[in-house]
Amino acid sequence: MKTKNTYALLLFFAAILITFSCVKELDFEQLDEVVLTPVFEADFIYSEFDVEDFIPQGTPPNTEFTVPSEILRDTINYDLVGTDFAIDNLDRVELTIEIRNTIERSFTLQFQFLTDSEQPIGQLYSIPVQAGSGEGTEPVVSFSDPNPIILDNATLNQLVSAQKIATEIIVPTLNSDLRGVLYIRSKASYYVNYQL
């Protein structure tokens, strides 16, 4: 009998608390003010250039040579914006490129977006690469961070039909005694701005 009275008393106090509790009115109109701003990252350009792989067979020591430019060009499929959702909701795309060079020559990396029929579209981007100190040394790093290449909304609208990216390493005259590697890696950070 005592437990019944205890339960009854607890129910009575619970009812009183519920009656007098404060409930803040919810404003469901606030959902209109919610903006989602995620950042997505994707690999962009990756390449490796080892001088030793490009020395022509039978070249004598200490001989100057050039690498044919068509060997140092590459075109890959890369759909920059992909969908109408991306076009409508992308705030910007930031391209961060890092180049590590141990070769005792300076280089230039160029890239440009292409349409599906490989027609150039938009700007040709050119990134200078500092000369390294030779094989076995710490690589000289050239990169676009903290100043990445920014493709703003207006630029993205120009590149809406970009389906590919063409890259080329512009190399100076090389010497058959040179050794070292040029590493290129990069990422594209997509900044979305989507209002619910």
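Hi everyone. Let me start right inside the fold: L114 stands opposite K164 in β10. That pair sits where two strands meet, since β6 and β10 run antiparallel to each other and are joined by seven bridges. Please keep in mind as we go that this is a predicted model.

Let me step back for the overview. The chain has 196 residues, and 34% of them are buried. Its secondary structure comprises three helices and 13 strands. If you take the contacts with a separation of 6 or more, 85% are between residues 24 or more positions apart. The accessible surface is about 12,800 Å², and carbon and sulfur atoms contribute 53% of that.

Now, back to the sheet. Which strands make it up, and in what order? It is an open sheet of four strands, ordered β4-β10-β6-β7, with antiparallel pairing. At the edges we find β4, residues 73-77, and β7, residues 120-129, each of which pairs on one side only. From one strand to the next, the twist averages 15 degrees. As a reminder for anyone who hasn't looked at sheets in a while, strands pair through backbone hydrogen bonds, either parallel or antiparallel.

Let's walk across it. Beginning at the β4 edge, five bridges join β4 to β10, which covers residues 164-170, and the two run antiparallel. If you want a spot to click on there, T75 stands opposite A166 in β10.

Moving on, we come to β6, residues 107-114. Is this strand buried or exposed? Six of its eight residues are buried, so β6 is largely enclosed by the rest of the structure. On the far side of our walk, β6 pairs with β7, again antiparallel, over seven bridges. A residue pair to look for here is F113, which stands opposite I121 in β7. These two strands, β6 and β7, form a hairpin with five residues between them. In that turn, E118 has a positive phi of about 65 degrees.

Next, the charged pairs. In general, side chains of opposite charge can pair when their charged atoms come close. How many salt bridges does a search of the whole structure find? The count is eight, and I'd like to show you a few of them.

One is between E52 and R179, whose closest N and O atoms are 4.0 Å apart. E52 is in the loop between β2 (39-50) and β3 (64-65), while R179 is in the loop between β11 and β12, so this pair ties together parts that are 127 residues apart in sequence. Both partners are partly exposed: E52 has 45% relative accessibility, and R179 has 26%.

Another is between R185 and E98, with the closest N and O atoms 2.9 Å apart. Here R185 belongs to strand β12 and E98 to strand β5, residues 90-101, so the pair ties together parts that are 87 residues apart in sequence. R185 is partly exposed, at 47% relative accessible area.

Then there is a small cluster: D91, R92 and E94 are linked in a network of salt bridges. Within it, the side chains of D91 and R92 meet at 3.0 Å, N to O. D91 is partly exposed at 36% relative accessibility, and R92 is partly exposed too, at 24%.

Two more stops before I finish. The first is S176, in the loop between β11 (174-175) and β12 (181-192). Although it is a loop residue, S176 is buried, with a relative accessible area of 5%. What does S176 touch, leaving aside its neighbours within four places in sequence? Its contacts are I55, T59, P60, P61, N62, T63 and F65.

The second stop is on the surface. L36, F85 and Y194 form a nonpolar patch there, with about 260 Å² of accessible area together. Of these, Y194 is in strand β13, residues 194-195, and it counts as partly exposed at 31% relative accessibility.

So, to pull the picture together: we have an open antiparallel sheet of four strands, with β6 largely enclosed by the rest of the structure. Around that we looked at salt bridges such as E52 with R179 and R185 with E98, at buried S176, and at the nonpolar patch of L36, F85 and Y194. Thanks for listening!

Key
Residues are numbered from 1 along each chain as its sequence is written. This is a predicted model: local features need pLDDT of at least 70, side-chain atom pairs count only at pLDDT 80 or more; totals for chains, interfaces and linings use all residues. Side-chain values use heavy atoms; hydrogens and water are left out. Buried means under 20% relative accessible area, exposed over 50%, partly exposed in between (1.4 Å probe, protein chains only). Contact means heavy atoms within 4.5 Å. Accessible areas come from the Shrake-Rupley method with a 1.4 Å probe; for residues, only the protein chains shown count as cover. Two strands pair if DSSP finds at least two bridges between them. Axes are lines fitted to C-alpha atoms, for helices over the stretch in contact, and angles run from 0 to 180 degrees between N-to-C directions. Patches are made of residues with over 30% relative accessible area and no salt bridge: like charges are joined within 9 Å, nonpolar side chains (Val, Leu, Ile, Met, Phe, Trp, Tyr) within 5 Å.
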